[in-house]
Amino acid sequence: MKISNNWLKDFISTDLKTEKIGEYLTDIGLEVEGIEKFENIRGGLEGVVVGKVLTCEKHPNADKLKKTTVDVGSGTILEIVCGAPNVEAGQTVPVATVGTKIYAKDGSFFEIKEAKIRGEKSQGMICAEDELGLSDDHGGIMILDEEKYKIGTDFSEYFDIVSDDVYEIGLTPNRTDAMSHYGVARDLHAFLSSNGLKSDFEKAVSQPLKTEGNTDFQLEVEDSELCPRYIGAVIENVTVEDSPEWLQNRLQAIGLSPINNVVDITNYILHGFGQPLHAFDADKIAGRKVKVGLSAPGTKFKTLDGAERTLNGSEIMIKDGDDNPMCIAGVFGGENSGVSAETTTVFLESAYFNPVSVRKGAKFHGLNTDASFRFERGVDPNNTRTAITYAIRMIEDITGGQMVGSLLEHYPNKIDGHYVVLRYSMLDQILGIKIHREKVKEILRSLDIQILNEIPNGLELSVPTFKADVTREIDIIEEILRIYGYNKVDAPQKISFTPVKLNLDDQDELENLWARTLQANGFNEVMNNSLTSVKDETDAVKLLNPLSGDLAFMRKSLMEGLLENAIYNINRKTADIKFFELGKIYHKKDKYEERKQLAILVTGRDKAENWFQPKSATDFYYLKGYVQLLLSRLNLEIEEKPSADERFSDAVEMVAEGKTLARLGKVSAQMLKDFDIDQECFYAEIELEAAQQLRKKDNFKFVDIPKFNKIRRDLAMLLDKSVSYSDLYKVARKNPSKYLKNINLFDVYEGKNLPEGKKSYAMSFELLNEEKTLEEKEISEVMNSLIKSFTKEFNAELRG
């Protein structure tokens, strides 16, 4: 938000320099992100003088240029080449002499130098309005009144050049009290006065109004929940024209373009006092009646930007007596009811609308205006009368209008500020220091927080309605600290805290365990937005009031976010990626579902490139190894099953006790194409809730290293191609022998010299008796038992 220094000083008087004000604003939480200069005439008019064109003839070498001689009162006649179509001899004109800087809108400039243009000398420039920053008109040079403008005088003498400093302030959404020059001035005054610095501040109050006659206009508010307060005024004999220069300068300083005096006044009140107003052409209001309520869904409404919008029936609408919509309340006006040059009677509106309803209407129609920005966050309901009385006085003074009748007002239930009890003991505990109690009360009064009663060890307070975010004791403490000064509170030399010990039943413990494991193995954690767009809306959870079309759904999977992270890094020459994310996914089936997952994505090389080892790419088994490592901490018997998931080209599920714990596989070619990724990616997702529910307590026992060696035996078997290693592993694990310790597959062969439909598996088995050396007879019994099981279950044949 932009704050003009000149405008700020309309409300607060201080002799502080611009930089010092900026420093203090930052101190009280209104972070100044930058200070820029503003001049109502770009770059000033230094070097521009009034001259007279003595001669004007066609340029010999260019059809569209003219040679002129110009008298600028210096005693030397200047030769100037001019391209303007309207230049003629005898004209009085502004002339930029050699050395003058001509500024563009973006702040850049070029310096006038003596030069040759198409072979002819040129010693200056005859200027158009836009070249001097007086307007955007570039239709030709300025032609001045020779009776008013004297040859040789500085052109700047005829203009009041206004210079201003503009602060760019970063505001958090809760600071509705500071979304205006008056609000910032009030905060600044509180800080200055509480710190013994000079500051004069006059509080805004309702202005006395003079009325003539009566008005036949009527007001009807259909729902007080949607519009708790509404004030209207009728002002006749209004002359709509350009605003006075001081008002235009105020608006231009913060980047607003003046429109006309009535609209400019409403913008002045909005940015000056934080209360949005809206002015209607009263003669266009059918039935001489203003109604506030809802319109039927499907109603067409053309807004000020010329766009025809279809109402959804939930927007608060300002309507005329025939129920024709005139304005989306608090958001945007209508094309057919606004103030124009022909307007002579104005209906002026000041209101407090339901913030949630305004936000829904603004987001549905994709409109973000200065008014909606404030209404959405909650303006001060008790500032509406003050704001409209200031505006009426300005309209009367500037346009010559006169208010007719009394104010039309709807305010059935007065909105009061929050009641809060402040305990000094809590204040001291939070701040870590003790502030003098009189100082605390001084700060509260400077913030317009009313002290209702002094109680033992505290105060009963009434918080003004302009502080919508101050509702609790801790909020009051924050306000006191802001004004007292964060820098006055020293950080303690020692900080004590009690660590929280996580137990097996705490899911955070499992998440932290897995995260640390992945980080230790070179993975980087990412965090993506839960809001996204989707191609397939099946089972998707759609937001009722999305921030934008790209953020209209809750994510159904973590894969898309990780793929976006991957292509972002790949495009920046980082193609070897190991990412993981802990996050929630959302679905809507019979009911809304929300699950937390751990997602892993790998792509590129599995180890850093070096001269000794050949390039090695990540693959399915590389990813599977990490998934098995994580799941091994659950102490569960896990089996693998094929998975049919269109996101993968090949995928498996890992299941325990009938519940799916993980899915992993190679990302499908279509998914990679959607994200413009041209290298293979492998993705896994682990269900955290299911893992936590099934997880079994670790029963680790520390034992001595065996005194006897393990015995290894190998088996090479001919099997049907349909038999998987996991099938063999399960059967081997069922073997009753207590000597069988480890099972491994170390070779697979498919190809020549094997029967059709067959493959060869070579497996190793490690056996150990911890009490003595195994005898050959005992070893043979175990191996024969395994061979018998493989033969029976899979029709396996031993190979020589």
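Which side chain meets that of Glu23 in a salt bridge?

**View 1. A salt bridge within helix 2 of this predicted model.** The side chain of Lys20 meets that of Glu23, with 3.4 Å from N to O. The two residues stand three apart in helix 2 (residues 18-27), so about one helical turn separates them. Glu23 is partly exposed, at a relative accessible area of 37%, and Lys20 is likewise partly exposed, at 33%.

**View 2. A salt bridge between Glu409 and Arg229.** The side chains of these two residues, Glu409 and Arg229, come together at 2.7 Å, N to O. This pair links distant parts of the chain, since Glu409 belongs to strand 25 (residues 402-410) and Arg229 to strand 16 (residues 229-236), 180 residues apart. Glu409 counts as partly exposed at 32% relative accessibility, whereas Arg229, at 7%, counts as buried.

**View 3. A salt bridge within helix 10.** Lys441 and Glu438 meet through their side chains at 2.8 Å, N to O, and both lie in helix 10 (residues 437-446), three residues or about one turn of the helix apart. Lys441 is buried, with a relative accessible area of 6%, while Glu438 is partly exposed, with 44%.

**View 4. The hairpin of strand 27 and strand 28.** Strand 27 (residues 450-455) and strand 28 (residues 458-462) run antiparallel and are joined by five bridges; Asn453 has Glu460, in strand 28, as its bridge partner. Two residues lie between the strands of this hairpin, in which Asn457 takes a positive phi near 60 degrees. For residues 415-491, the UniProt record, an unreviewed entry, lists "domain: B5".

Notes. Residues numbered from 1 in each chain as written. Predicted model: local features only at pLDDT ≥ 70, side-chain atom pairs only at ≥ 80, totals over all residues. Heavy atoms only, no water. UniProt positions renumbered as here; feature names shortened; annotations may be inferred. Pairing = 2+ DSSP bridges. Helix = DSSP H or I, 4+ residues; strand = E, 2+ residues; numbered from the N terminus. Salt bridge = Lys/Arg side-chain N within 4 Å of Asp/Glu carboxyl O. Buried < 20%, exposed > 50% of the residue type's maximum accessible area, 1.4 Å probe, protein only.
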